[in-house]
Structure formats: C-alpha cells, structure tokens
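Colleague: I should like to learn how to read the features of a model such as this one. May we go through it together, beginning with its pockets?

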Amino acid sequence: MQDTPEDAFLYMSPIGYRKSSSCGYCRRKGAGHSYFARAISMSPASYQALVDRCWRRSGSLLYRPNQRDACCPHYTIRLDSRRLRTTKDQRQAVNRFNKYVIGDAYAKEAARLYPKSREQARKRDTEFDLVERIHEGETPSLKQPPAPSHVFTVTLEPDDFTEEKFRVFENYQQVVHRESPSSISRDGFRRFLCTSPLRREKVTGPDGRERQLGSFHQCYRLDGQLVAIGVLDLLPDCVSAVYFLYHESIHKFSPGKFGALREIALAIEGGYRWWYPGYYIHTCPKMKYKIDFSPQQVLDPETLEWIDLTQDVLNKFDDHGYLNLQKIERDTLKNVSTTEGTIPMEVDDREDEVDDEDPESDEEASLFDSGMPGIPSIEEVNSVDLDNIAVRLNRGYCYAGDLFEWHNERIDNQGSAKAMVAELVAAIGPDFVQNLCLDFTRSCR
C-alpha cells in the first residue's frame, strides 16, 4: 500500500454502459445508451482530455453518449474565440443591454465630460471589439460622475449553493422550461450545478497571465439583484459552458446571447482561447443557437479529430441521424478559408436544457459490442496493463493486480471486475491509464 497524493490522479468509479433514463432533448424514455462513471476528483486538465474524447458531466456524473444508437446524436463542438465573427443580432443584443444599463442621461453627460477623439469615435462606429463592448455597461468600467441608470456587475464566484442562486434557478425552470414547482428542488440544483469533481487551480499560461481553473458560477447582478448565472468549467484550453440560467425580469434583453458572448470574451481575456458550448444536437431546435456563433469545429467521435463545421457538414446533418464524419471528403473539411462559416440561425434566446442523463437501470450491456464510435477493440484493450491501474483505499492506494483475483479472467466476461475496468479504460482511452485511479471508497452526492 502506498500513500495517495490527492492531486496525482483522475479518481473515477465506473458505472458501466447503460440505457439513458430519458433523452433530455426529445424526452423519449430509454432512448439510446451512454457509458457512465462517477468522478470523485480530477484536475481540470484531466477533464479537458475527457471533453476532447466526447465526454461531458452532469454534476459529478460523467457520461459519454453512443452517437450511433441515439435518438438525438450528441456532438462536441467548439469555437475559436479569437476568430469569432459576431452577427448583427448579437451586436444589437450587447448594445441594447448596455444602453439600458447606462441610460440616455449618462450617455449624454459622459460624452460631454469625457469626449472621444475623432479617431476613437470612428473606430467605435466601424469596429465591434467584443471584449471592449461586453464590459461597456459594467459599473466598474464606467467613468463617473455621472452615475449610470443602473448598477451592473459580473463576478466569477465559486460554484457553491446559495439561496440567492436557487431562486434564480427556480424561476428559470418554471418560466422558461415550464417545470412544476414540485419537480424543482434544492437538492437537485445542488447536485446538478453546485457539485463538481474538478479541483480548483491557478496556472500561468504561455503568455505569462495567471488563469483560474475549475468550476465556477459567473454571476450577473443588476441593481444588486442576481439576475443570471453562467455555470462554467474553466479548463486549460477552454471555457466550457455547463448551463446558463436567468430571471424572467431580463428576458427581453436576450440574456442567453449576452451570456454566451460574455463567456467568449472570457475565453479571449483569460487566454483560454476555445469556447465549448456543450453538445450540439442537430435535431433539437433549442440547440440551433449554438451554431449561430461561428466559426466552429465539430469533434469526429470516430477519430477524435476536429473538423470545421461548414455549411457542407451541416447539410449532411440534415440527411442523417448519426453522421459518420470520416466519410465526408477531407479536402472539403480541412484547410477551409477563414472567411467560410456556418449560416447564422437566429433564435430568440439561449435556452439550456437540464441534462438529466442518468443510467436507467442496472441492466448491463457490453461496451465492446455497442458499436460506439471511437471505442478501441477488445484486442487493443487486451494489450493494456490493467494490473498497474491504481486503486484508492481508505488509506493510500494499491494496484489492481494486487487487489483483484482476475488473472484468469477475460475482459469480455461481462459482469466481472476485469471487464468493468477494461470498459472504463476503453471509454476514457488506453493512453489515459497512467492518470486513472479507481475509487470505490466513496461516491459523490
């Protein structure tokens, strides 16, 4: 037995390949399968690697959907914040909200007290600098006097539960998603949006800037009242959007668009570069807003390579359930012009769904027989040294080969300890084994 350095591993407890309890998008029961695991503790870098392998989290539950048998295939997409091309509608959303916050009286008096040069005025009229504009209405960024019409602040806070946050969640679920009050609970909110396995860290990027990593709530307050929350995972190379919720009182200001642009601005300012808006579900109308932010890339679940999400790819999505991106000619996918992007699909607002992914039952199925894209074969996993995977004990850790009497077991012997561990290795990727520590000592709430 050896001592366990707390930050040395990705601590996971495998659940297995199961039917999903229901689809969070079309609401069908038991439609499709996912591989599930419970994360106890992990570094942001470990989670970044999993996200780039088609994984996502719902609280501490990790899951990787099988796109091939899903009613609503899930695709991981991302946007390079440095190449964002804002649409007229997005620019208007930012400008409209800023105008409301500062008010006409402030705008006139500030123009008199702090006049812009001709060059500054010309630049503002002809260019839209997202980082500059997104902060324009925030009280700490305003020159005073005079006082603006409203006090608006945005703060990055720990993802802790508070009653103030729960009230916004409760209002959002009732008004936007039309959920009954009895179906909304503090425990559900805490489990879904206030429980993260990610360890918080501070790192210094290549540019010398210090970056915060981990799970956070980006809180928007208007005149002292919390009106919106962006639930974010800040990872080494991206701002990953988990959920966005807002109070009905600001619905007219398109808070979803504003919040997404605020997250993209954070990716630019913080040096994270990429913005991950979560899974893209082509068959779900509420997901269409995600590709209104361009240019984006889609992760090929077969090869785990990023492909430009061009109009040609989107057209093929229209004709398929699961789209095998490998079959699309590479010369139309790679090295596309930077001026080519997706056709904007304007929607009224961003309405994130509660991702209630959960295994439906204990009925087991074999991951190796599932046809899930990107899963290595039994032969490939057989070559992995499962014996040297770390296993957490109440004190310290040992190795799987010393703990399990599985030397005569086969990894296709469904239900055995060796098969369970082999499927987890296949789901996260054999090259990730050295970072893995099996943890059966406790479970996350």
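Modeller: Certainly. This is a predicted model. Its largest pocket is lined by 24 residues, and those nearest the centre are Y114, K116, R124, E132 and E136. The volume of this pocket is about 850 Å³.

Colleague: Which elements give two or more residues to the lining of the largest pocket?

Modeller: They are α2 (88-113), α3 (118-126) and α4. Helix α2 provides the largest share of that lining, with 8 residues.

Colleague: How should one read salt bridges, and how many does a search of the whole structure find?

Modeller: The general idea is that side chains of opposite charge can pair when their charged atoms come close. In this model the search finds 18 salt bridges. One of them joins R57 and D233, whose closest N and O atoms are 2.9 Å apart. R57 belongs to strand β3 (residues 56-58) and D233 to strand β9 (residues 225-235), so the pair ties together parts that are 176 residues apart in sequence.

Colleague: Is R57 buried or exposed, and what of D233?

Modeller: A residue counts as buried when its relative accessible area is under 20%. R57 has a value of 7% and is therefore buried; D233, at 0%, is buried as well.

Colleague: Which residue meets E138 in a salt bridge?

Modeller: The partner is R262, with an N to O distance of 3.0 Å. This pair also links distant parts of the chain, 124 residues apart: E138 is in the loop between α4 (130-134) and β6 (152-158), whereas R262 is in helix α7 (residues 255-269). Both E138 and R262 are buried.

Colleague: Where do R200 and D159 lie, and how far apart are their closest N and O atoms?

Modeller: Those atoms are 2.6 Å apart, in a salt bridge. R200 lies in the loop between α6 and β7 (201-204) and D159 in the loop between β6 and α5 (163-175), 41 residues apart. R200 is partly exposed, with a relative accessible area of 44%, while D159 is buried at 8%. Elsewhere, D80, R82 and R273 are joined into one network by salt bridges that share partners.

Colleague: How does one approach the nonpolar interior, and which residues have the most contacts inside the largest nonpolar core?

Modeller: In soluble globular proteins, nonpolar side chains tend to be buried together. Here the largest nonpolar core has 72 residues, and L193, Y243 and L245 have the most contacts inside it. Leaving aside residues up to four places away in sequence, L245 touches V168, F169, Y172, L193, V227, A228, I229 and V231. Another core, of 46 residues, lies apart from the largest one and includes V51, W55, W406 and L436.

Colleague: Which residues of helix α8 are buried?

Modeller: In α8 (residues 311-318), V313, L314 and F317 are buried. They cover an arc of only 100° around the axis, which puts them on the same side of α8. The buried residues of this helix pack against β5 (75-80), β12 (279-280) and β14 (306-308).

Colleague: Finally, where is G188 found, and is G188 buried or exposed?

Modeller: G188 is found in helix α6 (residues 186-193). Its relative accessible area is 18%, and G188 is therefore buried. From C-alpha to C-alpha, G188 and G59 are 9.8 Å apart in space, although 129 residues apart in sequence.

Definitions and conventions:
Residues are numbered from 1 along each chain as its sequence is written. This is a predicted model: local features need pLDDT of at least 70, side-chain atom pairs count only at pLDDT 80 or more; totals for chains, interfaces and linings use all residues. Side-chain values use heavy atoms; hydrogens and water are left out. Buried means under 20% relative accessible area, exposed over 50%, partly exposed in between (1.4 Å probe, protein chains only). Helices (H or I, at least four residues) and strands (E, at least two) are DSSP runs, numbered from the N terminus. The arc is that of the directions from the helix axis to the C-beta atoms. Contact means heavy atoms within 4.5 Å. A salt bridge is a side-chain nitrogen of Lys or Arg within 4 Å of a carboxyl oxygen of Asp or Glu. A nonpolar core is a set of buried Ala, Val, Leu, Ile, Met, Phe, Trp, Tyr and Cys residues joined through side-chain atoms within 4.5 Å. On a 1 Å grid over the protein atoms alone, a cavity is a set of points where a 1.4 Å probe fits but cannot get out, and a pocket is an open set with protein on both sides within 12 Å along at least five of seven lines; lining residues have an atom within 4 Å of a point. Grid points are joined across faces, edges and corners, and a volume is the space filled by probe spheres set on the points.
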